[in-house]
Amino acid sequence: MVHLPSHQLAPIFGILGNIVSFIVFLAPMPTFYRIYKKKSTEGFQSIPYSVALFSCTLLLYYGFLKTSGGLMIITINSIGCAIEATYLTIYMIYAPKSSKSQTTKLLLGFNLGVYGAISLTTYLSFHAPLRQSVVGWICAIFSVLVFAAPLSIMRLVIKTKSVEYMPFGLSFSLTVSAVMWFFYGMLIKDYYIAMPNVLGFAFGICQMILYAIYRKPGKKVLPDDQKSTPQVSIELANEDDTEKPAVAEPQKSPEHIINVIEEEADNEQVKAECSGNRTEKAVVAEPERIFDIQHHSSIPVVAVCV
């Protein structure tokens with residue numbers, strides 16, 4: 001069995017962490033493609049992307065302060081800054097005036113004001129070794145707050161008993177990313193990087209456990225190519241299929257997520273929202289109540305911390 005010393009293992013985990021974090025940064029792309037196609041932000045908020053940009057710039061500053069082991073931190077957070085800035089640019093183009101004004105205030109006050117105060121204060125008030133420690137503590141505290149963001153999603157999963165707005169792929173990627181950066185931080189003896197990712201790993205495992213508990217196959221919105229079939233999910237089917245065809249009766253099953261099947265061609269808006277995306281809309285708890293999944297699915301993206 002080949003035994004590699006820590007100075008050779010650290011770059012391996014750093015590269016793997018860069019790859020996984022890059023994939024996580026790309027997770028909101030379907031949301032912004034939808035914004036671009038519809039020329040509207042449709043009520044989406046810019047706060048998660050502003051927070052992600054702040055996190056990247058803060059960690060980028062910390063990476064430049066490090067005398068060794070900072071290259072991997074600099075590379076992924078430089079990419080993250082570019083991606084998040086692109087998201088915010090697209091948002092600003094298609095957002096209504098009120099949202100543009102709110103986003104501008106957020107960027108000026110939070111991303112420029114707070115970040116500028118931190119960088120200027122630490123640069124002028126502390127010498128090099130102490131400056132790195134102070135910024136490291138600030139990064140660690142902010143990373144813990146960011147990793148705690150999925151708690152609201154987990155609470156919503158437990159409340160509604162549905163994982164439609166908590167994609168397994170994103171939860172899994174965040175968990176793997178936390179593992180990579182934890183080992184990278186431990187191998188280079190940077191505990192400001194390693195320790196917050198323990199919390200990230202714990203939350204990621206909890207999300208996947210919730211997914212396993214509340215995942216219910218068959219209770220999803222049908223795509224367009226399946227809308228012509230007069231079938232419903234197994235929970236709604238009559239046991240005697242030979243005498244009574246399976247017909248969805250929403251009033252009799254308010255506890256289940258039912259398939260949304262368009263029968264009329266005059267409602268183009270509903271058809272557009274239900275086509276080709278199994279996770280955008282789902283009927284939860286009541287036939288009249290529809291959750292917009294995209295408003296929740298973008299939240300865990302901000303938990304990308306290294």
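**Surface, core and charge pairing in the predicted model**

L4 is partly exposed, with a relative accessible area of 31%, where buried denotes under 20% relative accessible area, exposed over 50%, and partly exposed the range in between, as obtained with a 1.4 Å probe and protein chains only. The structure is a predicted model, in which local features need a pLDDT of at least 70 and side-chain atom pairs count only at pLDDT 80 or more, whereas totals for chains, interfaces and linings use all residues. Residues are numbered from 1 along each chain as its sequence is written, and side-chain values use heavy atoms, with hydrogens and water left out.

L4 lies in the segment before α1, helices (H or I, at least four residues) and strands (E, at least two) being DSSP runs numbered from the N terminus. Together with I12, I15, L16, I19, F22, I23 and I79, L4 makes a nonpolar surface patch of about 640 Å². Such patches are made of residues with over 30% relative accessible area and no salt bridge, like charges being joined within 9 Å and nonpolar side chains (Val, Leu, Ile, Met, Phe, Trp, Tyr) within 5 Å. Helix α1, spanning residues 6-25, supplies the largest share of this patch, namely 6 residues. Over the whole chain, the exposed surface amounts to about 16300 Å², of which carbon and sulfur atoms supply 65%; accessible areas come from the Shrake-Rupley method with a 1.4 Å probe, and for residues only the protein chains shown count as cover.

Helix α1 also holds G17, a residue that is buried, with a relative accessible area of 0%. When its neighbours within four places in sequence are left aside, G17 is in contact with M180 and W181, a contact being defined by heavy atoms within 4.5 Å. The C-alpha atoms of G17 and Y184 are 8.2 Å apart in space, although 167 residues separate the two in sequence. For the chain as a whole, 73% of the contacts between residues at least 6 apart in sequence join residues at least 24 apart, and 44% of the 306 residues count as buried.

The chain has 11 helices and 2 strands, and from the N terminus on its elements run α-α-α-α-α-α-α-α-α-α-β-β-α. The average pLDDT (the predictor's confidence in each residue, from 0 to 100) is 76 for the chain, and 70% of the residues score at least 70. Among the elements, α4 has the highest mean pLDDT, 95, while strand β1 (residues 281-283) has the lowest, 37. Over residues 218-248 the pLDDT is below 50, and this stretch has 43 contacts in the model beyond near neighbours in sequence. The pLDDT is likewise below 50 over residues 250-304, a stretch with 111 contacts in the model beyond near neighbours in sequence.

Side chains of opposite charge can pair when their charged atoms come close. The structure holds 3 salt bridges, each requiring a side-chain nitrogen of Lys or Arg within 4 Å of a carboxyl oxygen of Asp or Glu. In one of them, the side chains of D190 and K66 meet with an N to O distance of 2.8 Å. This pair links distant parts of the chain, 124 residues apart, with D190 in the loop between α8 (168-187) and α9 (191-214) and K66 in the loop between α3 and α4. D190 counts as buried at 4% relative accessibility, and K66 is buried as well, at 12%. The helices that flank the loop of K66 span residues 47-65 for α3 and 71-94 for α4. Not counting residues up to four places away in sequence, K66 touches I73, Q132 and I188 as well as D190.

R34, K38 and E42 are linked in a network of salt bridges. E42 forms a salt bridge with R34, in which the closest N and O atoms are 2.7 Å apart, and another with K38, in which the corresponding separation is 3.3 Å. Within this network, R34 counts as buried at 10% relative accessibility, whereas E42 is partly exposed at 26% and K38 is partly exposed at 35%.

With a disulfide defined as a pair of cysteine sulfur atoms within 2.5 Å, the structure holds 0 disulfides. C56 is accordingly in no disulfide, the nearest cysteine sulfur, that of C81, being 4.9 Å away. C56 is buried, with a relative accessible area of 1%, and C139 also counts as buried, at 4% relative accessibility.
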